[in-house]
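This report sets out how a single protein chain is organised, beginning with its interior and ending with its overall dimensions.

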Amino acid sequence: MSTYQSDLLRLLEERGYIHQITDPEGLDALAGKQVVPGYIGFDATAPSLHIGSLVQIMMLRRLQQTGHKPIVLMGGATTRIGDPSGRDESRQMLGEESIAANIASIRKVFERVLTFGDGPTDAVMVDNYDWLGGIGYIEMLRKVGNHFTINRMLTFDSVKLRLEREQPMTFLEFNYMILQGYDFRHLAKEMGARLQMGGSDQWGNIVNGMELGRRMDGTELFGLTTPLLTTADGSKMGKTAAGAVWLNEEQLPSYDFWQYWRNVDDRDVGRFLRLFTDVPLDEIARLEALEGAAINDAKTVLANEVTKLVRGEDAAALAAKTAAETFAGGGAGEDLPTLSLGDEGMRIGAALTALGFTASNGEAKRKLAEGAVRLDDETVTDPGFLITLAEGAEAKLSLGKKKHAVLRP
């Protein structure tokens, strides 16, 4: 039985999004009587966000699903500085054109997940460079600086951890929390935002912004954070041995994206279905109760639903079809990664490494010796085996049960 009355907090609680709320009763009451504009900030350090940001994107979707207004805040200004939260070192500086291109690229995923427009609950995307870019240094110091004490700023984890490890933190980065606090105050004043959401590492920054809004304008603001998202084996969500799992197609093919979800740990299936899909809760309860090989059906539902949401229906259908052909039919699906061998062919170990299936030729040798490598479903153990193909022919190279590629001349 939920402890909340509002649809918003009830949904967030049922699906496992809530870690901390600044004033649960106050936010619950507000969400029950009016449209609550709420926002989450995203920095534009790359052309795509990765799945570590997907829980935040889904929070904005839940906000909209329960009749409230999502504000996507892109950090055009704060990206120029760098959020020290959870970081061991300073971030590389990006130029204006790179940041603008990154924001345009990132927007594509939000347009799939949220409904944008001019209505009271339609999503909007804003860029904090529009207001922070024009503020003079003296004006910022006079207007905002006197509301922050160095004593308190030094207690925030983002600062404390860097200092404890004796890693340098620039004055530029130290200012990040002041600018983020000012964002909340600005969005509250100009767009009626009453709620800021974020990951658990953003708690201090969110509370800062709330206090700034209260001190400068007397506005009652709210904060809500999600739990730190880790997989069942304790690793950070969105990080794999092969690198980040990007949300945009240009950074990661849809088949690989689909495969990530299809291969999650059995213990994570139910939680991920609640967080990352719109599958009804009673159906999720049925799927996560499946045992043995049947749990793979639940993983396929997870992979299909998340890929459909983030990449679109066509991408999800093609990835599922490719997987079915690859695993069930023994064929080579049309969406698999491909490698051209060249006129002289390629040694099988070099092909494994070129595809990223193995990190080095040494690892490729070990995998071959273990009998984990198959060419057209025939096991190959000789690292010197030369693959050559006639014009127009193709072959399937597999490492274990999960990695497959198409080889061409």
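## Nonpolar cores and overall form

In this predicted model, the largest nonpolar core holds 67 residues, of which F110, W261 and F276 touch the most other members. The contacts of F110, leaving aside residues up to four places away in sequence, are F42, L49, I57, L60, V72, F116 and M125. Separate from this core is a second one of 29 residues, with Y39, W131, M169 and L212 among its members. In soluble globular proteins, nonpolar side chains tend to be buried together.

A polar residue in the interior is S48, which is situated in the loop between β2 (37–42) and α3 (54–65); S48 counts as buried because its relative accessibility is 4%, under the 20% cut-off. Beyond residues up to four places away in sequence, S48 touches I106, W246, L247, N248 and Q251. For two of these residues, the table gives the distance from the backbone nitrogen to a polar atom of the S48 side chain.

| Backbone nitrogen | Distance to a polar atom of the S48 side chain |
|---|---|
| L247 | 3.3 Å |
| N248 | 3.0 Å |

Taken as a whole, the chain comprises 18 helices and 15 strands, and 49% of its 409 residues count as buried. Of the contacts between residues at least 6 apart in sequence, 71% join residues at least 24 apart. The C-alpha trace spans about 75 × 50 × 40 Å along its principal axes, and the radius of gyration of 24 Å agrees with the value near 22 Å for a compact globule of 409 residues. The accessible surface comes to about 19100 Å², with 50% belonging to carbon and sulfur atoms.

Definitions and conventions. Residues are numbered from 1 along each chain as its sequence is written. This is a predicted model: local features need pLDDT of at least 70, side-chain atom pairs count only at pLDDT 80 or more; totals for chains, interfaces and linings use all residues. Side-chain values use heavy atoms; hydrogens and water are left out. Helices (H or I, at least four residues) and strands (E, at least two) are DSSP runs, numbered from the N terminus. Buried means under 20% relative accessible area, exposed over 50%, partly exposed in between (1.4 Å probe, protein chains only). A polar contact is a pair of N or O atoms within 3.5 Å; within protein, one must be able to donate a hydrogen and the other to accept it, and residues adjacent in sequence count only if both atoms are side-chain atoms. Contact means heavy atoms within 4.5 Å. A nonpolar core is a set of buried Ala, Val, Leu, Ile, Met, Phe, Trp, Tyr and Cys residues joined through side-chain atoms within 4.5 Å. The radius of gyration is taken over C-alpha atoms; the globule rule is 2.2 Å times the number of residues to the power 0.38. Accessible areas come from the Shrake-Rupley method with a 1.4 Å probe; for residues, only the protein chains shown count as cover.
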